[in-house]
Every structure is written in C-alpha cells, then in structure tokens.
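Student: Please take one part of this molecule and look at it closely with me, and then show me how the rest of the chain is put together. I would like one connected account that I can follow with the picture in front of me.

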Amino acid sequence: MNWFRSHLNWTIILFIALDAIVVVTIQLMGCTNDSVLMNITVVVLGIASFFVYVWVLRRKNRRMWWLLLNLTGVGWIVFLALGNKTRYDVVDREKARDLLKFMAHLDNSVGLALGPLQSTIPRGKVPRHLRTIVENAEMRRMQPKMQGVIDQIEMIRKDVFNTYQWPTVADSEASGLISEIKAGMNGYLDCELKGLRLGQELKDDGDSALTQEMSATSALMARYSKQNRKNSQKLAERYHFSSYDIRELVAEA
C-alpha cells in the first residue's frame, strides 16, 4: 500500500492495464460486447475505477469534482496530469489526521471524566425564575464527587500539554489553526477546572457573586468549545478530509 501511495500515477496506469487485460481475456473467451458476462464485467470495472480514482484524488489532495471528467472516458489522462503533492504534504496530512484523532479522543476522555457529574435536572422542566436555585442545589449535591473529577481533568491537561507532541507543519494556514486549537484547548480545560473549583466553594443560593462567576466561566468554556470545533473543521477541510474520514477518526478514538 505504501508503494501505491508514493506512485499515484502508476496506480492509475496499472489499473487501466488490468482493465484492458480483463476485457481482452473475456473477448478471447468468445464473449461479444453484448454478452451478459461482458456487461457484468463493464459494470464491475466501472465501479472499481470510481473507487480507485476517488482514492487517488484524495491522496493528491484534489477536489472530488474532478471525477466528473471521468464521464468523458478520458478523465484518467487528466488525473495523470494533476501534479502529485510532495511527500512532505502527505506527511503533513498524516500529522493533521493524528491531531484530529487526538482531539476526538480528548473529547471522549473529558466526557468520561465528567460522567459522575451528569445532572438529574429534566431539561426544559424548570421555570426560568427557579433555574439558578435548582442548578445550585444540583451543584451542591455533586460536590463530594468533584475532587475526583478535577484530578482526572488535571491528568488530561497534563497529557495534552506535557505528553502529547503537537505537530508542526509547513503550511502556514494549517500551522496557525493548530496553534489556535492548542490555545483553545488550554482555555477550555482551564475554564472546566475553574468551574469545578467554583462549584466546590458553593455553599448556598445567596452567594450571587459566585453564581455569576460560574455562569461567566460556563459561557466562556462554551465559546472555547465552539471555536475548537470550528478550527478542527477548518483543519480537516484544509487537508481534504471528508465527513466519512472524520467519522472513521472518531470511531478509532
């Protein structure tokens, strides 16, 4: 497989040669162009060529609309003419893939860490004027579990900034996105830890200053989370990862 990744044009040529050999072999067997076997062969080869060209175009970091040229019957000539991205670009794409996979793993880890603090408040069932009181009561109920969660989030933060090797890439725009993702993750985890520690300090519903600070921290954390998702999506688009690729990464994480 590595050979094919490094020789994309030869992959196309070898596939076309294989197509020709299969068709000629069937003709030598005495089958006409209208025979059932020939029709089935043409359909199978057509489907196979579609997947081969999709695979090659992705490795060349090209848009899928180039596939429309295949309808002309000579699209493969254009695919050969499309310049191969350099090996360095391919390596950068793999680095971006590893980072996106790490981010998906990180989301899962944070979600598992926060599992013991899942609220039992039915969504949409609490009147607005009672929401703060009910939420604060729920926060006090969860206080005995908070230190354990804080310890887990601290471990995740250490893994993110002390253990994980953040990738460096040649592309300036992608490099900027990676820096923003790292800063955003730092801000998100800091807000998460701050919110948990504020929750530990909550004694009663009369502490309006603490309640307001918790709300502000929660809102800031939501903004970091949203920005991280946007930057991750931009990075994926930069290296032409499809939605199917992203689902695969999430499943692997």
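Tutor: Ile 13 is a good residue to begin with, because its relative accessible area of 35% makes it partly exposed, a class that lies between buried, under 20%, and exposed, over 50%. Please keep in mind throughout that we are looking at a predicted model. Ile 13 sits in helix α2, and this helix is the part I would like us to examine with care.

Helix α2 runs over residues 8-28, which gives it 21 residues, and the distance from its first C-alpha to its last is 30 Å, close to the 30 Å expected at 1.5 Å a residue. When you ask which of its residues are buried, you find Leu 8, Thr 11, Ile 12, Phe 15, Asp 19 and Ile 26. If you turn the picture and look down the axis of α2, these buried residues fall within an arc of 100 degrees, so they line one face of the helix. A general rule about geometry helps here: an α-helix has 3.6 residues a turn, so residues three or four places apart point the same way. The face of α2 that is turned away from this buried side carries Ile 21 and Leu 28, which are exposed. Just after the helix comes Gly 30, which takes a positive phi of about 95 degrees.

Now let us return to Ile 13 and look at its company. Together with Trp 3, Phe 4, Trp 10 and Leu 14, Ile 13 forms a nonpolar patch on the surface, and the accessible area of these residues together is about 500 Å². The elements that give two or more residues to the patch are α1, covering residues 2-6, and α2. The largest share, three residues, comes from α2. Helix α2 therefore has a buried face, whose residues lie within that arc of 100 degrees, and α2 also contributes to a nonpolar patch on the surface.

It is useful to set this helix against the whole chain. The chain has nine helices and zero strands, and read along the sequence its pattern is α-α-α-α-α-α-α-α-α. Of its 253 residues, 32% count as buried. In soluble globular proteins, nonpolar side chains tend to be buried together. In this model the largest nonpolar core holds 41 residues, and those that touch the most other members are Leu 99, Ile 153, Val 160, Trp 166 and Leu 235. The elements that give two or more residues to this core are α5 (87-113), α6 (128-163), α7 (172-201) and α8 (208-238). The largest share of the core, eleven residues, comes from α7.

Helix α7 comes up again when we turn to charged side chains. A search of the whole structure finds five salt bridges, and I will take some of them in turn. In one of them the side chains of Arg 157 and Asp 190 meet, at 3.0 Å from N to O. Arg 157 belongs to helix α6 and Asp 190 to helix α7, so this pair ties together parts that are 33 residues apart in sequence. Arg 157 is partly exposed at a relative accessible area of 23%, and Asp 190 is also partly exposed, at 34%.

Another salt bridge brings together the side chains of Arg 238 and Glu 173, with 2.8 Å from N to O. This pair links distant parts of the chain, since Arg 238 lies in helix α8 and Glu 173 in helix α7, 65 residues apart. Arg 238 counts as partly exposed at 35% relative accessibility, and so does Glu 173 at 44%.

Glu 213 and Lys 194 form a further salt bridge, in which the closest N and O atoms are 3.5 Å apart. Here too distant parts of the chain are linked, with Glu 213 in helix α8 and Lys 194 in helix α7, 19 residues apart. Both residues are partly exposed: Glu 213 has a relative accessibility of 36%, and Lys 194 has a relative accessible area of 40%. Finally, salt bridges that share partners join Asp 171, Glu 173 and Arg 238 into one network.

Note on methods
Residues are numbered from 1 along each chain as its sequence is written. This is a predicted model: local features need pLDDT of at least 70, side-chain atom pairs count only at pLDDT 80 or more; totals for chains, interfaces and linings use all residues. Side-chain values use heavy atoms; hydrogens and water are left out. Helices (H or I, at least four residues) and strands (E, at least two) are DSSP runs, numbered from the N terminus. The expected span of a helix is 1.5 Å times one less than its number of residues. Buried means under 20% relative accessible area, exposed over 50%, partly exposed in between (1.4 Å probe, protein chains only). The arc is that of the directions from the helix axis to the C-beta atoms. Patches are made of residues with over 30% relative accessible area and no salt bridge: like charges are joined within 9 Å, nonpolar side chains (Val, Leu, Ile, Met, Phe, Trp, Tyr) within 5 Å. Accessible areas come from the Shrake-Rupley method with a 1.4 Å probe; for residues, only the protein chains shown count as cover. A salt bridge is a side-chain nitrogen of Lys or Arg within 4 Å of a carboxyl oxygen of Asp or Glu. A nonpolar core is a set of buried Ala, Val, Leu, Ile, Met, Phe, Trp, Tyr and Cys residues joined through side-chain atoms within 4.5 Å.
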